[in-house]
Amino acid sequence: MSSTFQTGFRRPDGVGTEAKHGPFSPAEDWQPSPGGSVERESNAQTEVLNDGSVFVASSRSMLSIRKQIEKVAEYDIPVLILGESGTGKEVVARFLHGRSNRARRPFLKVNCAALPGPLLESELFGYERGAFTGAVRSNPGKFEICKSGTILLDEIGEMSPALQAKLLHVLQDKTVCRLGGNSMVNVDARVIAATNVDISEALETGALRRDLYYRLSTMVLRIPPLRSRPEEIPLLLEHFIGRFAHLYGCPVVSPSQNLVAACLEYPWPGNIRELQGFTQRFLIQGDEERSIQELRGTSRVLTGHPAVENSPGETSATNLKKLTRQIKTSAEKPAIEKILQETRFNRKAAARRLQISYKGLLRKLREYDLDGKTARLSNNDVELHG
């Protein structure tokens, strides 16, 4: 079990490095600054997992998710993790596995969107010799291999309805039948499912079977996008700097207030995955000003408006929350307006494009006073705008 600490990284030998007071240095072991560029919340919790990923809980929403995980981890019930692409759903699944009584058993991930139906079925449930052309020997599936462990079914919304029906029986009976086989094999794997699709729409269109959803949603964890938990951006930035500096053998660079402020201004549509890629470029290029301009230039393209410029006093840690709220408003409203125009004011299509729920879009429309201008009818979706 990995240790919990303020911020840090895990060395290749598996030893968790605990944050110590002191400046950044190009030493082999990364030690973050105690608070030079950003003030941390006293209840911030950062934990590096066995695979090198990091679970950060500093915002109210992520601290709540952590508490939920602590409560549910010991119970062998299915868990459904929802959230935009790149928000860290796999990290949450690994964190849950590490807190469970199955922590010393295997954790296996299957990307349901990466394989066509027949291959995915054989990957999950295995096959007998001669089941299909090329099956020269019997092979167990992931459910058999993951004995007493945890299996993550990523992008469950991309699984075919027929395969969903078979998965439902596995969840109910705790048995699988290999392709081309007749006997049932007992399995004991905890199932965690994850998806970035709009659940309401998936259920309505039949892309996700309701009976499977009810079985998986015993516990639902909704991971918020990175733009709605900006207080965690500095923690993630420091973690990635330390991790990749150690990996690439380059000096650890302390992020300045200007860089942190630029990161807080940027909306991160790719969420944590995008922040990770940005940090890699930042370290390789070794040019902080260029990285800042990259963020602010991309932000202008995404929002159609110049990035907010701040005086040095405005970028202090005490004003970061206020700054973040301003940036969020200036970025979201024009983005929503643009997508609404492109979808001819079809709210359901706009919600899909924005990767938020339909109800979430309605809340945004009310928040930004965008729900009362024109009457349009598109794809049988009535839009009333006076």
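The following questions and answers cover helix packing, burial and salt bridges in a predicted model.

Visitor: What conventions apply to the residues and values?
Guide: Local features of this predicted model need pLDDT of at least 70 and side-chain atom pairs count only at pLDDT 80 or more, while totals for chains, interfaces and linings use all residues. Side-chain values use heavy atoms, with hydrogens and water left out, and residues are numbered along each chain as its sequence is written, from 1.

Visitor: How are helices H3 and H5 oriented to each other?
Guide: Helices (H or I, at least four residues) and strands (E, at least two) are DSSP runs, numbered from the N terminus. H3 (residues 117-125) and H5 (residues 161-173) pack with their axes 11 Å apart, at an angle of about 10 degrees; axes are lines fitted to C-alpha atoms, for helices over the stretch in contact, and angles run from 0 to 180 degrees between N-to-C directions. Angles under 35 degrees count as roughly parallel, over 145 as roughly antiparallel, 65 to 115 as roughly perpendicular and the rest as oblique. H3 and H5 are therefore roughly parallel.

Visitor: Which residues of H5 meet H3?
Guide: Contact means heavy atoms within 4.5 Å. On the H3 side are Gly-117, Leu-120, Glu-121 and Phe-125, and they meet Leu-163, Lys-166, Leu-167 and Val-170.

Visitor: How do H8 and H9 pack, roughly parallel or oblique?
Guide: Helix H8 (residues 233-248) and helix H9 (residues 257-265) have axes 10 Å apart and an angle of about 120 degrees. That angle makes H8 and H9 oblique.

Visitor: How many nonpolar residues does the contact of H8 with H9 have?
Guide: H8 contributes Ile-233, Pro-234 and Leu-237, and H9 contributes Leu-259, Val-260, Cys-263 and Leu-264. Ala, Val, Leu, Ile, Met, Phe, Trp, Tyr, Cys and Pro count as nonpolar, Asp, Glu, Lys and Arg as charged, and the others, Gly among them, as polar. There are no polar and no charged residues in this contact, and the nonpolar ones number seven.

Visitor: How many residues of helix H2 are buried?
Guide: Buried means under 20% relative accessible area, exposed over 50%, and partly exposed in between (1.4 Å probe, protein chains only). The buried residues of H2 include Val-91, Phe-95 and Leu-96. H2 (residues 89-99) is largely enclosed by the rest of the structure, because of its eleven residues the buried ones number eight.

Visitor: Which residue of strand S1 is tied to Arg-99 of H2?
Guide: A salt bridge is a side-chain nitrogen of Lys or Arg within 4 Å of a carboxyl oxygen of Asp or Glu. Arg-99, at 21% relative accessibility, counts as partly exposed, and the closest N and O atoms in its salt bridge are 2.8 Å apart. The partner is buried, with a relative accessible area of 1%. The pair ties together parts 52 residues apart in sequence, so the residue in S1 (residues 45-48) is Glu-47.

Visitor: Which residue of H4 forms a salt bridge with Glu-123?
Guide: Glu-123 lies in H3 and its partner in helix H4 (residues 142-145), so the bridge ties together parts 19 residues apart in sequence. Glu-123 counts as partly exposed at 30% relative accessibility, whereas the partner is buried at 18%. The N to O distance is 2.4 Å, and the partner is Lys-142.

Visitor: How far apart in space are Pro-78 and Leu-171?
Guide: Pro-78 is in the loop between helix H1 (60-72) and strand S3 (79-82), and it counts as buried at 15% relative accessibility. Pro-78 and Leu-171 are 93 residues apart in sequence, while their C-alpha to C-alpha distance is 8.6 Å.
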